[in-house]
Amino acid sequence: MSSRKQARDGLALAHALPDRSLIAMVAAMSLLAALTFAGAFGARELSARWARGAANLMTVQVPDPEKPAIVPSDSAAASRADAVLSLLQTLPSLRRAHRLDTQELDRLLAPWLGNTGTSALPLPAVVEVDLTSGATLPDTFVTTVQSEAPGTLIERNDDWREQLHAIARSLLVCAALAITLVGGIAAAVIGMATRLGLGARRDSLIILHGLGAPDGYVAGRFARRVALLAFGGGALGTILAVLPIAVVSRLMAPLSGAAVSHETWPSLLRDSLHSLTIGGTSTDLLIGLGCIPLIMTILGWGTAQTIVRIWLRRLP
Amino acid sequence: MIRLEKVTWQHGPSAGRERETLANISFAVPQGGFRWLLGPSGAGKSSLLRLLHLEALPRSGTCELLGTSITPHVKRSALARLRQRISMVHQDYRLMPTLSIADNVGLPLRLQKRDEDEVAQEVSTLLTWMGLGARQSSCPAELSGGEQQRTAIARAVVSRPAIILADEPTNALDEAQAVRVLTMLRELTAMGTTVIVATHNDALVRRYPAPALHLEHGKLIGDE
């Protein structure tokens, strides 16, 4: 009954507002917001994952690993790689030292070199070292290693963990700014559409005002219609964003340690969609994307309310 | 009731200087009172009616409508509630072009959130009485000027407002219809409605003798 009452006040907002344009513009803004949000979310997740793994890790690269050590500290260590491993075993803060085998090296380098194998390349030996929390290396350790295996590279992952955090924070700030900008543009578009609707119904609004229609009634009529259109646009844009987000997520999966390979685009698309349906996508990401239509709805409702109430102030 | 004391209202700037439309207007109409509003074209009759319909607020002086003092500080929600109790018949009818005649007339009732069955009943009865029973589902554009004017009058009276303001409400009606409308308005005053009718129709004024407000050049020159 009440909806019939509202529909018979002469405003006919279904014909007064530029419905399709508004939905299309809000959909475009929602698509941008969804992609930006997903990008920021992915960067944060990757950063957190890498930082977690890197916290107490050290990577040691020994060039020419099979050559004999120059000044072996352990007579049993014939090669440079073995000599470095022996030295690592002497560290009091050592939890584990593991030299990567050929398969592990292949997997590590697959994102860059593909699945062609690394056996033909003169690669250094890579040793993953897990230290106790907060451990520091003895002052003489690096010198000793260098004397036995010249050119050995020791990387404390701690050093670039902070940089990774800083990059992730910067990306999040940029994403927040981009989403704010997109929201501002969406509000401006909604505001312009509302003003078009007000212009189209100027005479009817003056009549309604004269009959005693409160500002809240008129603003509510516009706000409900605009909110509905904004929700439609928001939902459309978010749905359109899901597929590219899923594909990029699958392409980035190896960077987060997952073993994924795709031969063709159809299989990539199929796997991407499959990962969405079986829960392979983060719940937080899906919740965030689901919020975009709701945020657009609220933005549309609030913007229309504001614009209409300001417009009505022209009338006493 | 209506009470104005030394009310001044200025229209917007005109030709580089402000044009004073109404000046120093003072009069009172009790509840259930009827007044003719007379004067030549441009005397300010429509402006005074607009002021009383709260389409404009006075610049100075005291304006009291239905016990509410109208000042620039009155809340907009209070003005809206007041407008629901003051109906106006405009010269240009101001009907909603997208609505049927029945929906146009029912609009004030719907804004007051009346029950839909009650709205349908009231509107149908009134339109039949106004001779528009067969045109209820027509759009304003399909009606003659007289029919549109009767629709506007029906919309003004349907909610039983406390004040009815009418700007030349019979200029598109034949004499029989004009008499019928004036009779109805006079009957409404007996039920407590205050009515002010602006007209140029001297015959009608002679036929229905009542106190009149005479305006000339935006000034009230007679209240008799």
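This passage walks through a predicted model, starting with chain A and ending with chain B.

Residues are numbered from 1 along each chain as its sequence is written, with chains lettered from A and ligands numbered from 1 in the order in which they are written. Because the model is predicted, local features need pLDDT of at least 70 and side-chain atom pairs count only at pLDDT 80 or more, while totals for chains, interfaces and linings use all residues.

Confidence comes first. The pLDDT, which is the predictor's confidence in each residue on a scale from 0 to 100, averages 82 over chain A, and 82% of the residues score at least 70. Within chain A, the low point is helix 1 (residues 2–7), with a mean of 47, and the high point is helix 11 (residues 283–312), at 93. Residues 1–6 of chain A stay under 50, and the model has 5 contacts for them beyond four places in sequence. Here, two residues are in contact if their C-beta atoms, placed from the backbone, lie within 7 Å.

Chain A has 11 helices and 4 strands; helices (H or I, at least four residues) and strands (E, at least two) are DSSP runs, numbered from the N terminus. In the unreviewed UniProt entry, "transmembrane region" is listed for residues 21–43, 166–193, 226–247 and 285–312 of chain A. Such annotations may be inferred rather than shown by experiment; the positions follow the numbering used here, and feature names are shortened. In the model, residues 166–193 of chain A are 100% helix and 0% strand, with end C-alpha atoms 40 Å apart. Residues 285–312 of chain A are also 100% helix and 0% strand, and their end C-alpha atoms lie 41 Å apart.

As for packing, 31% of the 316 residues in chain A are buried. A residue counts as buried if 20 or more other C-beta atoms lie within 10 Å of its own, as exposed if 12 or fewer do, and as partly exposed in between, with C-beta atoms placed from the backbone. The largest nonpolar core has 115 residues, and A:Val26 and A:Val226 have the most contacts inside it. Such a core is a set of buried Ala, Val, Leu, Ile, Met, Phe, Trp, Tyr and Cys residues joined through C-beta atoms within 7 Å. Helix 3 (residues 19–54) of chain A gives the most to this core, with 13 residues. Beyond four places in sequence, the contacts of A:Val26 include A:Ala186, A:Val189, A:Ala230 and A:Met296. A second, separate core of 18 residues includes A:Val60, A:Ala69, A:Ala83 and A:Leu88.

A:Val60 also belongs to strand 1 (residues 57–62) of chain A, where it shares the covered face with A:Met58 and A:Val62, while A:Leu57, A:Thr59 and A:Gln61 make up the uncovered one. In a regular strand the side chains alternate between the two faces of the sheet. Strand 1 of chain A pairs in the antiparallel sense with strand 3 (residues 125–131) of chain A over 6 bridges; two strands pair if DSSP finds at least two bridges between them. There, A:Met58 stands opposite A:Val129. Strand 1 of chain A also runs antiparallel to strand 4 (residues 153–156) of chain A, joined by 4 bridges, with A:Ile154 as the bridge partner of A:Val60.

Turning to chain B, 23 of its residues are in contact with 16 residues of chain A. Helix 2 of chain B gives the most to its side of this interface, with 6 residues. In helix 3 of chain B, 11 of the 11 residues are buried. Just after that helix, B:Lys113 takes a positive phi of about 60°.
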